[in-house]
Amino acid sequence: MNEYSIKKISGKAVYVGGNDIDTDRIIPARFMKCVTFEGLGQYAFYDVRFDEQGRSKHHVLDRPEHQGASILVVDQNFGCGSSREHAPQALAKFGFKAIIGGSFAEIFFGNCATMGIPCVTLEDGQRAQLVKSIQENPQAKLMLDLENLEIKIDETKFKVNLPTSIQQSFLSGKYDPLFELLEGQKQVNDVAKKLGYVD
Amino acid sequence: MGKNLYKKVWEAHEVRKLPNGQSQIFIGLHLIHEVTSPQAFGMIRDLKLNVAYPNLTFATVDHIIPTDDIARPLKDHLADEMLSALQKNTQESHITYLGADSGQQGIVHVIGPELGLTQPGLTIACGDSHTSTHGAFGTLAFGIGTTQVRDVLATQTLALSPLKVRKIEVNGKLGKGVTAKDIILHIIRKLGVKGGVGFAYEYTGDTITNLTMEERMTLCNMSIEGGARCGYINPDQTTYDYLKGRKYVATQNWSDLVKKWDGFKSDADATYDDLAPFLAQEINPTVTWGINPGQAVFIDETIPDPKNYQGLERDSIQEALDFMKFKPNQPVKGIPVQVAFLGSCTNGRLSDFIEVAKLIKGHKVAKGVRALAVPGSQAVDHEARKLGIDAVFQEAGFEWRKPGCSMCLAMNPDKLVGDEICASSSNRNFKGRQGSPTGRTILMSPIMVVAAAITGRVSDAREVFVL
């Protein structure tokens, strides 16, 4: 539907390292027994953050200096595995508004885009530099500028990547495609008839 | 210039271009289940929208259903609530629901083909990443998130960007004891778990065309584990023979239907964005040792040593070794297992159980091993019972369970306990995947699972059975 355009996102960033962080890690399957997405935030990365007795393992997300972070920085192939939207929903409910990574699994990337969460990529060397500045100054404010596809932290700027179609969707506020899909309903019917899906 | 199947199916289903450059694509078959659909129904209800084409959506229950006692209400009240929501949503929307009392319930990717819902040339979407399974029939089939489930319910379309297509050609004769599961584990190992991001995989070559439909499904099922959102095989006589006579396949004008299906095949001069050749002779029974499906080795190999790698790759190997509690350079053969799981949308079909039943006759599950056989659907269960296969499994010491996803992702009561090691025919070995945060999964083919069950260790099926 028509949403507000997303041009700039700013906030504190936190780095959760490691390649191939899968959707089971982001939200273990046992927390998907629900009929709404409300309340999923508390289960984000649950088994990495808590032991089997529910005691904190002092994961980076739970450290005092990173409280209130709204931009997540990750490595390669983040969100691989399941199509469960519970994963990005849990991250969104946890408070993340954007993700910066080396690369993203496709279904995860698409789910995030539809929800209004940009997943932008930044090459390895620059990402390492970004991570270093976050670790040195966890309070630093990071600014993601989707119009110019760059991030700024302290006085350093990095160029990031995002497919043009997705960038346009954020800038125009039409990242949720439902309204546009509904507009095409007459043509949809024609295609359905032509292909023999309906009489 | 010829076109590949991906392009043909895409073009046939393209409704129009959207302002951002994506395409609006018609979805020919939508499959739903209890985990990823309730929120989508909630969204269309809030927007006061109806289901646009209820006759193109089919529902079943698979993820949360117990494999022992399925009497309602289910003992797990959250699971029962999800099941009730699915029943209510499908009833109100006039969507066919294949529940536990239908005789047709099962894992969504097992029943689609079984009922003949899955047909060549279709676009198929489902809120489950293993929707890639249906590509075995020459379809464009892929997993979607819940907001997209909403889009399909409300419009029968999705906003999509086209994928590139990589042709994966496998030629040659497979060795004894080397299965479709080994082919795909090998491909993922070689191309990497993110190698397929941005691609659809077209599997071709004589090794692939010689596979049965059920083997093709195993192969396409795990495309997503290699990062490819979908994988497909061009339809041929094997496909048509499988489909003929199935419930949702038209009985009239068969030759016209086959002609239509044939038309979707990739042209001989079709172009591809990438090529990846493999030789069947070079593939051996493959098992995973780590925490993603690409961390795999042949059964006679040893676990990698992080010292030989650098950077994030070294860190990944170290992380996997720490979690699995394995040592660098340790042989995979001989690792003790406490659980054996035979089932899932990867390997829970009738042929999987028939093949294994032949081998385990006269054998017993090793002491201390909990072994579960979970048919992929009620139809698989029914046929297996008719053949006496359930009895063969029980005689050997396996529990023969009711159909569902079961211990593949452990959303039902079937779970690993503590750091148990499970020899599993499923598709993911992620940390905590099988229900215990410290549980350990070793992926392998069905015959390797039963070899492990019988010996109590990761074993080479070729040394345990006469193949």
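## Helix α2 of chain B

Six residues of helix α2 (residues 38-46) of chain B are listed here as buried: B:Pro38, B:Gln39, B:Ala40, B:Phe41, B:Met43 and B:Ile44. The model is a predicted one. Part of the cover over the buried residues of α2(B) comes from the other chain, since it includes α3 (86-94) of chain A. From chain B itself, the cover includes strand β3 together with helices α3 (77-93) and α5 (146-155).

Immediately after α2(B), the backbone at B:Lys48 adopts a positive phi of about 55°.

## The parallel sheet of chain B

Strand β3, which contributes to the cover of α2(B), also belongs to an open sheet of 5 strands in chain B. The strand order is β5-β4-β3-β6-β7, and the pairing is parallel. At the edges lie β5 (96-98) and β7 (140-143) of chain B, each of which pairs on one side only. On average, and with direction ignored, neighbouring strands of the sheet are turned by 20° against each other.

Within this sheet, strand β3 (residues 29-32) and strand β6 (residues 123-126) of chain B are joined in the parallel sense over 3 bridges. B:Leu31 stands opposite B:Cys126 of β6(B).

## Aromatic pairs

Over all chains, the structure contains 20 aromatic pairs. One of them joins A:Phe170 and A:Tyr175 in a tilted arrangement, with 5.8 Å centre to centre and 35° between the planes. A:Phe170 counts as buried because its relative accessibility is 1%, and the cut-off for burial is under 20%. A:Tyr175 is buried as well, at a relative accessible area of 13%.

In chain B, B:Trp254 and B:Trp261 form an edge-to-face pair, with 5.6 Å centre to centre and 90° between the planes. Both B:Trp254 and B:Trp261 are buried. Ring pairs also link A:Phe31, A:Tyr43, A:Tyr46 and A:Phe50 of chain A into a cluster.

## Charges over rings

Two arginine residues of chain B are placed over phenylalanine rings. B:Arg166 lies over the face of B:Phe199, at 4.1 Å from the ring centre. The charged end of B:Arg189 sits over the ring of B:Phe298, 5.2 Å from its centre.

## Confidence of the prediction

For chain B, the average pLDDT is 97, and 100% of the residues score at least 70. The model as a whole has an ipTM of 0.96 and a pTM of 0.97.

How values were computed. Residues are numbered from 1 along each chain as its sequence is written. Chains are lettered from A and ligands numbered from 1 in the order in which they are written. This is a predicted model: local features need pLDDT of at least 70, side-chain atom pairs count only at pLDDT 80 or more; totals for chains, interfaces and linings use all residues. Side-chain values use heavy atoms; hydrogens and water are left out. Two strands pair if DSSP finds at least two bridges between them. Helices (H or I, at least four residues) and strands (E, at least two) are DSSP runs, numbered from the N terminus. Axes are lines fitted to C-alpha atoms, for helices over the stretch in contact, and angles run from 0 to 180 degrees between N-to-C directions. Buried means under 20% relative accessible area, exposed over 50%, partly exposed in between (1.4 Å probe, protein chains only). Contact means heavy atoms within 4.5 Å. pLDDT is the predictor's confidence in each residue, from 0 to 100. Rings of Phe, Tyr and Trp (its six-membered ring) pair if their centres lie within 6.5 Å; planes under 30 degrees apart count as stacked, over 60 as edge-to-face and the rest as tilted. A charge sits over a ring if NZ of Lys or CZ of Arg is within 6 Å of the ring centre and within 35 degrees of the ring normal.
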